[in-house]
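Welcome! Take a look at the model below, then work through the exercises at your own pace.

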Amino acid sequence: MAEQRKVGFGYNPPTGDRQLERVNPATFVQDLGRVLDVACKSLDSVWISDHHMTADRFRLECWTQLTWVAARYPTPLLGTVVMANSYRHPPLLAKMAASLQVFSGGRLILGYGAGWAEDEYRAYGYEFPSARVRIAQMVDGIKVMRALWQEQPANYSGTYYRVTDAYCEPRPEPLPPVMIGGDGERYLLRAVAEHADWWLPYARSSEALRHKIDVLKGHCADAGRDYAAIRKAYTFLVFLDRDRNAAIARAGRRIENDEHPVFAGDPAALRDFLAERIEMGFDHFPLVFPRFPETDDIELFVDEVLPAFR
């Protein structure tokens with residue numbers, strides 16, 4: 001049985017205009033620094049999303065922003081939510097991850113996924129095969145990266161990627177945990193059961209999450225994998241205010257999204273919301289605070305929610 005783990009909380013800041021926060025391209029770097037100065041005093045991790053573009057809106061590249069965060073903030077864990085396998089040749093990404101482990105003192109959690117944004121793929125010239133093929137490519141990418149991290153020299157020949165007498169020195173210490181993002185039931189959750197150290201589903205209702213967990217447990221049983229050995233993270237939008245009605249008003253129509261629900265409420269309700277997901281087995285929460293570049297929601301979380309889980 002897996003040991004009881006301390007519950008961790010992280011911050012998923014904007015990488016640009018994702019139509020949540022108030023982002024000014026001219027002041028974004030300075031604004032990001034001010035908000036991270038607050039978040040990194042109390043939260044355990046920083047998580048960066050991976051998009052090259054969202055239409056014509058201002059957007060920065062994931063790994064570049066992650067390394068900026070790593071250099072500026074020496075304490076928090078560093079994660080990606082999540083990197084698309086297709087966007088970087090996996091043997092090169094293995095080298096990038098190994099190098100960041102050296103510079104960061106071993107703080108990387110490699111969030112990884114099969115990719116989904118077809119318009120972005122097409123715009124940047126990537127092929128966009130079926131979801132089943134993209135998931136198979138993701139799995140092959142994980143296998144070749146782990147070969148490079150653990151073998152000297154590495155030799156791997158998969159369906160999509162191969163290396164021959166390849167060195168990845170220095171090898172990463174510790175090995176970066178691989179967190180697979182997504183919750184497609186037939187292929188993606190099977191990949192989680194067979195290959196993931198961590199799992200990150202989409203934001204779901206409690207009922208839907210419990211169903212996804214049951215599906216993952218089934219895949220783990222089929223694969224001979226201990227379900228409890230897979231860490232579970234959960235990311236969601238947090239509209240937080242001492243006044244519940246103000247939080248709901250701020251969330252607007254997003255609160256009507258039953259497929260990918262957000263949280264909108266006061267600190268007591270958020271404590272209950274998190275406790276329910278902790279009871280389900282989730283123990284790390286990369287949170288999106290949409291008040292950026294203001295920090296009042298982060299500070300309210302730190303003052304009135306975080307102490308209940310420490």
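## Exercise 1: Ser99 and Met96

Ser99 lies in helix H3; helices here are DSSP runs of H or I with at least four residues, numbered from the N terminus. This is a predicted model, in which local features need pLDDT of at least 70 and side-chain atom pairs count only at pLDDT 80 or more, while totals for chains, interfaces and linings use all residues. Residues are numbered from 1 along each chain as its sequence is written, and side-chain values use heavy atoms, with hydrogens and water left out.

**Task.** Find out how exposed Ser99 is, then describe the surroundings of Met96.

**Solution.**
1. The relative accessible area of Ser99 is 30%, so Ser99 is partly exposed (buried means under 20%, exposed over 50%, partly exposed in between, with a 1.4 Å probe and protein chains only).
2. Between the C-alpha atoms of Ser99 and Arg171 there are 8.3 Å, although 72 residues separate the two along the chain.
3. Met96 also has its place in helix H3, which covers residues 90–104.
4. Apart from neighbours within four places in sequence, Met96 touches Trp63 and Arg88 (contact means heavy atoms within 4.5 Å).
5. Arg72 is 24 residues from Met96 along the chain, and their C-alpha atoms are 18 Å apart.

## Exercise 2: H1 and H2

**Task.** Describe how H1 and H2 cross and which residues meet.

**Solution.**
1. Two packed helices are described by the angle between their axes and the distance between the axes.
2. For H1 (residues 28–39) and H2 (residues 62–72), the axes come within 12 Å and cross at roughly 50°.
3. H1 and H2 are therefore oblique to each other (under 35 degrees is roughly parallel, over 145 roughly antiparallel, 65 to 115 roughly perpendicular, and the rest oblique).
4. From H1, Phe28, Val29, Leu32, Gly33, Leu36 and Asp37 meet Gln65, Trp68, Val69 and Arg72 of H2.
5. Sorted by class, the residues of this contact between H1 and H2 are six nonpolar, two polar and two charged (Ala, Val, Leu, Ile, Met, Phe, Trp, Tyr, Cys and Pro count as nonpolar, Asp, Glu, Lys and Arg as charged, and the others, Gly among them, as polar).

## Exercise 3: H6 and H7

**Task.** Now try H6 and H7: at what angle do their axes cross?

**Solution.**
1. The axes of H6 (residues 188–195) and H7 (residues 206–223) cross at roughly 50° and come within 8 Å.
2. That makes H6 oblique to H7.
3. H6 contributes Leu189, Arg190, Val192, Ala193 and Glu194 to the contact, and H7 contributes Lys212, Val215, Leu216, His219, Cys220 and Ala223.
4. The contact of H6 with H7 has seven nonpolar, one polar and three charged residues.

Technical notes. Axes fitted to C-alpha atoms, helices over the stretch in contact; angles between N-to-C directions. Helix = DSSP H or I, 4+ residues; strand = E, 2+ residues; numbered from the N terminus.
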